[in-house]
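Subject: Structure for you to look at

Hello,

Here is the structure I promised to hand over. Please open it and keep it in view while you read my notes.

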Amino acid sequence: MRDIIMGEFFGTMLLIILGDGVVANVLLNKSGQKGAGPVQITTAWGLAVLIPACIFGKLSGASFNPALSIALAFKGDVAYGDLPAYIIAQIAGAFVGALIVYILFKDHYDATSDRPLDVRGTFCTAPTIPNTFRNLCSEIVGTFILVFAILGFSQVDGAGTAGVDKLFVYALIVSIGMSLGGLTGYAINPARDLGPRIAYAVLPFKNKADANWSYSWIPVVGPIIGGIIAVLLYNFIFIA
């Protein structure tokens, strides 16, 4: 249990520092990389998953994602009794990671007080066009691809050799971001969105926007549904 908590907490914390950090780097005023664009963001988010996965993979399995952990429990690869430890550690790690991003970029947040939605966007996701059904579908489909592909990589001979599977996951995150990220910000991970959203809600900002709690359930429920559908289809194709 200790390995799960340590690996998932610190792994998710590092994921958010690097992931939310690149969004802050690109969006906030006075940043030396302001305006770099979506290619930098999607590439860096892939690396934000790759790096802690390589560090903590042996310790906890490097899920960093409640939807993935729940899907693996549904498949039988993670014990249901371990799920609370996974989920709590992931959300807590994401919250702390977001706090660290805030501390690092505090001056830049102050300089971007004229754009409160961009400030919020460095913490949590939002749809570019609000539509509950389609926004939910975006998170379902994105997470379906994530989980189905992670399971499917096991079909590749030698995929797990010397961390090659982590490179596959890096490519997967970049692919999802570049193909679907413009819809809802591709949370595809309840902890990645909820932990930083809570941090944004409690932190002080100039000209602060609301935390958009009316949308917040979509990047939580959608990924869980998508992950379970991925397991069902994977089992039907490869195991049944």
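Below is what turned up, topic by topic.

Keep one thing in mind from the start: this is a predicted model.

**The cavity**

I began with empty space inside. A search of the whole structure finds 1 cavity of 30 Å³ or more. Its volume is about 40 Å³. Which residues line this cavity? They are Tyr102, Lys106, Tyr109, Asp110, Ser113, Val119, Pro204, Phe205 and Lys206. Sorted by class, the lining has 5 nonpolar, 1 polar and 3 charged residues. Helix H5, residues 106-110, gives the largest share, with 3 residues.

Tyr102 leads to another residue to look at. Tyrosine 200 and tyrosine 102 are 98 residues apart along the chain, yet their C-alpha atoms are separated by 8.8 Å. Tyrosine 200 sits in helix H9, which runs over residues 190-202. It counts as buried because its relative accessibility is 0%.

**Salt bridges**

Next come the charged pairs. Side chains of opposite charge can pair when their charged atoms come close. The count here is 7 salt bridges. I picked three for you.

Start with arginine 192 and aspartate 20. Their closest N and O atoms are 3.5 Å apart. This pair links distant parts of the chain: arginine 192 belongs to helix H9, aspartate 20 to helix H1 (residues 2-27), and their positions lie 172 residues apart in the numbering. Are these two partners buried or exposed? Arginine 192 has 6% relative accessibility, so it counts as buried. Aspartate 20 is buried too, with a relative accessible area of 0%.

Now take arginine 120 and aspartate 210. This salt bridge has its closest N and O atoms 4.0 Å apart. Arginine 120 is in helix H6 (residues 116-121), while aspartate 210 is in the loop between H9 and helix H10 (213-216), so the pair ties together parts that are 90 residues apart in sequence. Here the two ends differ in cover. Arginine 120 counts as buried at 10% relative accessibility. Aspartate 210 counts as exposed at 53%. The cut-offs explain the labels: under 20% is buried, and over 50% is exposed.

The third pair is arginine 197 with aspartate 193. Their closest N and O atoms are 2.8 Å apart. Why are they about one helical turn from each other? Because they are 4 residues apart in helix H9. Both residues are buried.

**Helix H9 again**

Helix H9 also holds alanine 191. This alanine is buried, with a relative accessible area of 0%. What lies across from it in space? The C-alpha atoms of alanine 191 and asparagine 65 are separated by 6.0 Å. Along the chain, those two residues are 126 residues apart.

**Unusual backbone angles**

Most residues other than glycine have a negative phi. Two residues here are worth checking against that.

Phenylalanine 64 has a positive phi of about 60 degrees, although it is not a glycine. Find it in the loop between helix H2 (38-60) and helix H3 (66-75). Phenylalanine 64 is buried, since its relative accessible area is 2%.

Asparagine 207 is not a glycine either, and its phi is positive at about 55 degrees. Look for it in the loop between H9 and H10.

For a sense of distance, go from phenylalanine 64 to alanine 126. The two are 62 residues apart in sequence and 20 Å apart in space, C-alpha to C-alpha. Alanine 126 lies in the loop between H6 and helix H7 (132-152). With 29% relative accessibility, alanine 126 counts as partly exposed.

**A nonpolar patch outside**

Last, turn to the surface. Which residues form a nonpolar patch there? Leu233, Phe236, Ile237, Phe238 and Ile239 do. Together they have about 500 Å² of accessible area. Phenylalanine 236 is found in helix H11, residues 218-239. It counts as exposed because its relative accessibility is 61%.

Best wishes

Terms used:
Residues are numbered from 1 along each chain as its sequence is written. This is a predicted model: local features need pLDDT of at least 70, side-chain atom pairs count only at pLDDT 80 or more; totals for chains, interfaces and linings use all residues. Side-chain values use heavy atoms; hydrogens and water are left out. On a 1 Å grid over the protein atoms alone, a cavity is a set of points where a 1.4 Å probe fits but cannot get out, and a pocket is an open set with protein on both sides within 12 Å along at least five of seven lines; lining residues have an atom within 4 Å of a point. Grid points are joined across faces, edges and corners, and a volume is the space filled by probe spheres set on the points. Helices (H or I, at least four residues) and strands (E, at least two) are DSSP runs, numbered from the N terminus. Ala, Val, Leu, Ile, Met, Phe, Trp, Tyr, Cys and Pro count as nonpolar, Asp, Glu, Lys and Arg as charged, and the others, Gly among them, as polar. Patches are made of residues with over 30% relative accessible area and no salt bridge: like charges are joined within 9 Å, nonpolar side chains (Val, Leu, Ile, Met, Phe, Trp, Tyr) within 5 Å. Accessible areas come from the Shrake-Rupley method with a 1.4 Å probe; for residues, only the protein chains shown count as cover. A salt bridge is a side-chain nitrogen of Lys or Arg within 4 Å of a carboxyl oxygen of Asp or Glu. Buried means under 20% relative accessible area, exposed over 50%, partly exposed in between (1.4 Å probe, protein chains only).
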